[in-house]
Amino acid sequence: MAVNLIYKAMPTVSLRGLVIFPGSRFHFDVGRKKSLAAIKAAMNDNQKVLLVTQKDVNVEDPEATDLYKIGVLASIKQVIKSPEADFMRVVVEGESRVQVSEVLQSSPYFICDAKEKKSVMPKGADSTYVDALVRKVKDAFDEFLQLSLGEIDDATKVFYSESPEAVADTIASHTLIRYQDRQMLLEEFNVLSRLEKLYDLVLKENNIQRIENKIESQVNSQMEKNQKDFIAFKSELALTEAGNDPIKRSNLINEILRSISVIPDEIKRSVYIQDCQTRFGIKLETLTQSVKNIIAEKKQNAKPQKALEETAPKKD
């Protein structure tokens, strides 16, 4: 008979809007004093930490009653300290489900006792049904990746895994938007029930993604139409109002090229550039290079903002 391990006086971090599953590796930013202290305590011991999600993401300083009872024991794989801000990025790997049995202290950081909670497959479960369900969950996950155009490091591992538990936990980590849904699956110890609930949730998520993709396509079509109308309008101005004034004509053509540069589809951009060549009699190579220069300039200007967003703490 399998023995559930007992974990005594474990440093504990409360997570906001994030649920970690066994077997999954995640990184998150730690900025609250309690959590920073818990991570430091774990690093000074055996790099093991309890990760428990708080019920309300808006609670800044949670107490024991603000935390879910089921969490995960995790090992800390890497800690990256920020030289410019009072937070650190932590890379963890979930090891096992645990149930918090007692909160020993909540200040200066949480220390908890916990008991391992093993997943079980119901006795007498139809193995053919389980295999079919795992296959359906994988198919739904594959559709999710195609709909969301996502690239997930663990995707290959999912498709080759034969473990129903591992498949369920890995897919749950990557597909469900609501942390409440992830928490519900974390608390489901019956692997068969977990797979059934996961399948329903992924199907719903895929349906939402289809609708979002349809809306985005409609919006993009309208934007493209507006862009086309704008380019035609500017072209007429360049050909009529600008007349023979080279400065006005040049400025209007540059505005048109800037409008073309925001079109995401490269082939469509090329069509518009060729249209400009026909309208203005400018070499195609010159117009193409100008659009490339505009795109490169925009990317260069966007780099500092992107770096700022990536380093800004999304605190635990």
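**Exercise 1. Strand partners**

Find the residue that stands opposite Lys-81 in β5, then work out how β4 sits between its strand neighbours.

*Solution.* Lys-81 faces Met-88 of β5. Keep in mind that you're working with a predicted model. Next, zoom out to the strands: β4 and β5 run antiparallel, joined by eleven bridges. Now look for the other partner of β4, which covers residues 70-81. That's β3, which also pairs with β4 in the antiparallel sense, here over four bridges. For a residue-level check on this second pairing, take Leu-50, which stands opposite Leu-73 in β4.

**Exercise 2. Backbone oddities**

Locate the cis peptide bond, then say which non-glycine residues, Ala-9 and Gln-47 among them, have a positive phi and where they sit.

*Solution.* Start with omega: the bond joining Ser-107 and Pro-108 comes out at about 5°, and is cis. Pro-108 belongs to the loop that connects β5 (88-105) with β6 (110-116).

Now phi. Ala-9 isn't a glycine, yet its phi is positive, about 45°. You'll find Ala-9 inside strand β1, residues 6-15. Gln-47 has a positive phi too, near 65°, but Gln-47 is in a loop, the one between α1 (33-43) and β3 (48-53).

Last step, accessibility. The relative accessible area is 45% for Ala-9 and 30% for Gln-47. Partly exposed covers the range between 20% and 50%, so Ala-9 is partly exposed, and so is Gln-47.

**Exercise 3. Classifying ring pairs**

How many aromatic pairs does the structure hold, and what geometry does each one have?

*Solution.* There are two aromatic pairs. Take Phe-141 and Phe-144: their ring centres are 6.4 Å apart and the planes meet at 15°. Planes under 30 degrees apart count as stacked, so this pair is stacked. Both residues lie in helix α2, three places apart, which is about one turn of the helix. That spacing fits a general rule: an α-helix has 3.6 residues a turn, so residues three or four places apart point the same way.

How covered are they? Phe-141 has a relative accessible area of 0%, so it's buried. Phe-144 comes in at 8% and counts as buried as well.

The other pair is Phe-141 with Phe-159, 5.8 Å centre to centre with 40° between the planes, which makes it tilted. This one ties together distant parts of the chain: Phe-141 is in α2, while Phe-159 is 18 residues away in α3 (residues 155-160). Phe-159 is partly exposed, at 33% relative accessibility. Put the pairs together and Phe-141, Phe-144 and Phe-159 form a cluster.

One more ring deserves a look, this time with a charge over it: Lys-34 lies over the face of Phe-110, at 4.6 Å from the ring centre.

**Exercise 4. Taking the largest core apart**

Which members of the largest nonpolar core touch the most other members, and which element gives the largest share of residues?

*Solution.* The core has 28 residues, and the best-connected members are Val-137, Ile-171, Leu-185, Leu-195 and Leu-198. Four elements give two or more residues each: α2 (127-148), α4 (164-175), α5 (179-186) and α6 (191-239). Of these, α2 gives the largest share, eight residues.

Zoom in on Val-137. Leaving out residues up to four places away in sequence, Val-137 touches Val-167, Ile-171, Leu-195, Leu-198 and Tyr-199. Don't merge this core with the other one, though: a set of 22 residues, including Leu-15, Ala-41, Ala-42 and Ile-111, lies apart from it.

**Exercise 5. Polar residues under cover**

Is Thr-170 buried or exposed, what does its side chain reach, and how many residues of α5 are buried?

*Solution.* Thr-170 sits in helix α4. With a relative accessible area of 5%, Thr-170 falls under the 20% limit, so it counts as buried. Its side chain reaches the backbone oxygen of Ala-166 at 2.9 Å.

Now move to α5, where six of the eight residues are buried, so the helix is mostly covered. The buried ones are Tyr-179, Asp-181, Arg-182, Gln-183, Leu-185 and Leu-186. Leu-185 should ring a bell, as one of the residues that touch the most other members of the largest core.

Definitions and conventions:
Residues are numbered from 1 along each chain as its sequence is written. This is a predicted model: local features need pLDDT of at least 70, side-chain atom pairs count only at pLDDT 80 or more; totals for chains, interfaces and linings use all residues. Side-chain values use heavy atoms; hydrogens and water are left out. A nonpolar core is a set of buried Ala, Val, Leu, Ile, Met, Phe, Trp, Tyr and Cys residues joined through side-chain atoms within 4.5 Å. Buried means under 20% relative accessible area, exposed over 50%, partly exposed in between (1.4 Å probe, protein chains only). Contact means heavy atoms within 4.5 Å. A polar contact is a pair of N or O atoms within 3.5 Å; within protein, one must be able to donate a hydrogen and the other to accept it, and residues adjacent in sequence count only if both atoms are side-chain atoms. Rings of Phe, Tyr and Trp (its six-membered ring) pair if their centres lie within 6.5 Å; planes under 30 degrees apart count as stacked, over 60 as edge-to-face and the rest as tilted. A charge sits over a ring if NZ of Lys or CZ of Arg is within 6 Å of the ring centre and within 35 degrees of the ring normal. Two strands pair if DSSP finds at least two bridges between them.
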